[in-house]
Structure formats: C-alpha cells, structure tokens
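Hi there,

Here is the structure I promised to pass on. Have a look at it first, and my notes follow below.

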Amino acid sequence: MTDETPGAGARVLIVEDERALAQLYASWLDDDYEVETALDGEAALEAYDGSEDVVLLDRRMPETSGDRVLEHIRDAGDDCRVAMVSAVTPDFDIYDMGFDDYLVKPVSREEFRDLVERMLRVSDYDEGLRRHFALSSKLALLRSHRSEAELRESEEYAALRAELDELDRELTEQVAEMAVEDIGAVLRDA
Amino acid sequence: MQREELEPGAAALVVGPVEARRSFCLDRLSTADRSAVAVLPPDPAGVVEGYRRAGGEAPLTVVARDATTDAGRLESDDVRVVDVDAASLPAVGEATLATLGADGPAPPADRLWLADLSGPLERTSVQQVYRLLYILSEHVERVDGVGLYGLGPSVDGKTTGILGQPLDYQVTVRPGGAPTFGSPAGRIDGAP
C-alpha cells in the first residue's frame with residue numbers, strides 16, 4: 001500500500017458472477033484496499049452491510065441482477081459509492097439509476113484502479129464539504145448570538161476557525177485532483 | 001475593512017436590490033481579461049447588452065435557463081449561451097465549472113457572476129448552495145479570477161452568514177450609493 005493511494009484501506013465490495021474475473025479484479029485492488037467479493041446478486045445482498053466505501057457491480061447476473069443490488073444499496077441510504085462494471089452498453093434506462101460511475105467491460109487494471117481512486121476521492125471531498133458546512137453553520141450561529149467582544153475572547157470560536165482553515169487547505173489539495181464531472185457528483189450528493 | 005475594489009482571486013457575496021447588484025456585477029464582469037461568465041441571469045439578452053455597454057470586450061458566456069430560445073439571437077463570435085436546467089444545481093455547477101477550465105470553447109473565465117442565489121435557495125438547501133459557492137470560489141481563486149455571488153437583502157442573517165463563510169468579502173450595494181466592502185456578515189477576522 002502506498003501513502004499516496006486515495007482512500008487506502010477503504011472497504012471495497014466486488015460483485016461479479018464470473019469467478020475468475022472477480023478474482024482478477026480483487027487482485028488488482030487488494031494491496032491497497034480491504035476487498036470482499038460476491039459471486040452473485042444474492043451473495044452481494046448478504047455481504048453488503050453498509051460499511052463499504054465502494055461497491056463495484058456487474059449488471060447482468062442470474063436471478064438477482066446488479067441493478068436490483070444497486071436499488072437495495074440506495075434504498076438503504078448508506079453513504080457508499082457504487083459503480084457498474086458491465087458488458088452491457090449503457091442505454092437510456094440508466095437515466096434514473098443511482099450509480100456513481102459506469103465502466104464497460106472489458107476493463108484494464110489501470111481503468112479499474114482509476115475508477116476506485118476517483119470514487120474514493122469524491123467520497124473524501126464530499127465528507128470534507130459536509131464538515132466544512134457544519135463548521136460554518138456553527139460559526140454563523142455563534143456570530144448571530146454572541147457579541148464581537150465575546151467572539152474575540154473565545155478560545156472555542158478560535159478553535160472552530162482554525163479547524164475550518166485547516167479543512168480549507170485539505171479541500172484545496174483534494175479538488176486539484178478532481179475532474180469537473182467528479183465535482184458535479186459532489187454537488188449531487190448534498 | 002476599507003476596500004474599494006476586489007483583487008484577483010477574490011470571491012464576494014453581493015447583497016442588495018436586484019438592479020444595484022446587476023449594475024455592480026456587470027461593471028466587474030466587464031473587466032475580464034480572458035472571458036466572463038454570467039450564471040442564471042433573469043434576462044440573458046439584457047445581460048449581453050449590459051456587458052457590452054459596461055465596456056466588456058472579452059468573450060462572454062451566459063449560463064441560463066431556457067436560454068436555447070434566445071441562443072440564436074444572442075450568440076455571436078464572442079457570446080456563447082449555455083442552456084441549463086436551473087432547477088438542477090449540479091447541472092448549473094458543472095456548466096459553470098466548464099467555463100473556468102482550459103478545455104472549453106472560450107478562454108477560461110476570469111470573471112464570474114452568479115446573478116442570484118435566492119432562487120437556488122428556494123429550490124434546494126442551504127447546504128447544496130453552500131457547496132456550489134465553495135467549489136466555484138475555489139476554482140475562481142485557482143484561475144486568479146473574481147467571483148461575484150448575488151443575494152437579495154431579504155435573505156435571513158444566519159443564511160447570509162453561512163453562505164459568506166467560504167467567500168472573502170461581502171459587498172453591500174444600494175441604488176445610487178457607493179458599494180460597501182466588508183468581511184462576510186460579522187466574521188471576526190481578528191479573533192484569537
């Protein structure tokens with residue numbers, strides 16, 4: 001594992017009904033992430049417990065399809081990134097599907113790893129923005145109920161400001177790595 | 001803070017009546033070196049005209065709802081119209097960010113005016129609008145541009161305070177009067 005790998009140590013669930021392919025995908029990731037595989041939709045529903053950071057889903061599987069697994073994950077309301085990795089060429093039916101990304105098979109190791117890194121980067125940035133908003137809301141609340149003199153003397157207020165400044169620096173570094181469409185995904189998450 | 005103008009890299013909440021905001025922002029928009037972008041103006045045609053009247057010479061992109069109906073009439077060599085679903089803040093955000101990038105059809109914008117945050121605040125949430133402001137201001141700063149974000153004076157103080165947090169200034173404008181430059185609502189910059 002390298003320190004530079006975005007989201008290193010994150011939990012990734014791979015759902016793929018071709019065993020050899022599932023193993024290959026897992027081998028591409030398991031140096032950097034905690035990887036679990038499920039070999040059909042039913043196994044995916046059993047394996048998924050909401051703690052996953054990323055789920056990579058085949059669409060066309062016997063009995064329970066990837067689309068059904070995706071619905072289950074979205075219905076659960078967990079903060080998890082989901083990408084479809086499928087031989088099915090996207091059609092207009094994707095309009096109201098709740099995935100975050102889509103790769104058409106066959107995929108290379110590089111594409112697969114890029115996909116996971118990109119989704120984890122979006123996830124980190126999304127979480128950072130949530131914290132940023134929460135801190136800003138607290139500061140605005142204090143400003144509307146405390147005098148300027150009280151704020152100047154408050155160590156707690158100063159600590160909130162310092163935390164916000166630090167978070168600003170982190171987010172500035174993160175956003176430099178992100179594409180416009182990834183930033184759009186962050187806006188969709190709010 | 002005494003200030004009379006916004007330096008490159010700055011982002012400001014511009015608070016005041018519609019016409020005063022429009023006049024202030026069009027003046028700043030017209031100083032673009034590379035290109036300017038006006039986002040969700042209520043009257044795209046009027047903005048194009050006002051931009052030219054204010055002396056704007058750099059290419060202008062207008063990101064607007066139902067703009068396609070006006071696009072043929074408004075577009076020229078240096079005016080581009082991007083039609084977006086104004087109800088979708090992600091769509092507005094992506095279209096606007098594209099104007100700040102190097103890959104767009106116009107040179108990357110160095111002056112951005114998001115005409116009025118009141119509509120997005122009614123349609124979405126404070127948090128979603130906050131995210132949009134934060135992301136846009138971050139990008140504007142990276143290209144050394146100036147970002148202007150309009151807000152009506154009737155928006156409550158708490159919301160104004162939250163939305164101002166990621167920005168550098170709050171500019172209060174009034175009809176016929178000089179704009180007042182200050183820190184975003186009540187920010188205590190000298191606090192320990």
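**Where chain B meets chain A**

Keep in mind that this is a predicted model. Across the interface of chain B and chain A there are nine residue pairs in polar contact, with both partners at pLDDT 80 or more. On chain B, the elements that each give two or more residues to the side touching chain A are α4 (89–100), α6 (126–142) and α7 (157–164). The largest share comes from α6(B), with eleven residues. Sorted by class, this side of chain B has 13 nonpolar, eight polar and seven charged residues.

As for the overall extent, 28 residues of chain B are in contact with 36 residues of chain A. About 2800 Å² is buried between the two chains, and carbon and sulfur atoms give 65% of that area.

The rule finds one salt bridge across this interface. If you would like to find a salt bridge on screen, go to the side chains of B:Arg131 and A:Asp126, which meet at 2.7 Å, N to O.

I also spent some time on α7(B), which is mostly covered, with six of its eight residues buried. These are B:Thr159, B:Thr160, B:Gly161, B:Ile162, B:Leu163 and B:Gly164. What do they pack against? On chain A it is α4 (109–145), and within chain B it is β1 (11–15), α5 (118–123), α6, β6 (146–151) and β7 (169–172). One more detail sits at the start of α7(B): a side-chain oxygen of B:Asp156 comes to within 3.1 Å of the backbone nitrogen of B:Lys158.

Happy to go through it together whenever suits you.

Best wishes

How values were computed:
Residues are numbered from 1 along each chain as its sequence is written. Chains are lettered from A and ligands numbered from 1 in the order in which they are written. This is a predicted model: local features need pLDDT of at least 70, side-chain atom pairs count only at pLDDT 80 or more; totals for chains, interfaces and linings use all residues. Side-chain values use heavy atoms; hydrogens and water are left out. Contact means heavy atoms within 4.5 Å. Buried area is the accessible area (1.4 Å probe) that two parts lose on being put together, summed over both. A salt bridge is a side-chain nitrogen of Lys or Arg within 4 Å of a carboxyl oxygen of Asp or Glu. A polar contact is a pair of N or O atoms within 3.5 Å; within protein, one must be able to donate a hydrogen and the other to accept it, and residues adjacent in sequence count only if both atoms are side-chain atoms. Helices (H or I, at least four residues) and strands (E, at least two) are DSSP runs, numbered from the N terminus. Ala, Val, Leu, Ile, Met, Phe, Trp, Tyr, Cys and Pro count as nonpolar, Asp, Glu, Lys and Arg as charged, and the others, Gly among them, as polar. Buried means under 20% relative accessible area, exposed over 50%, partly exposed in between (1.4 Å probe, protein chains only).
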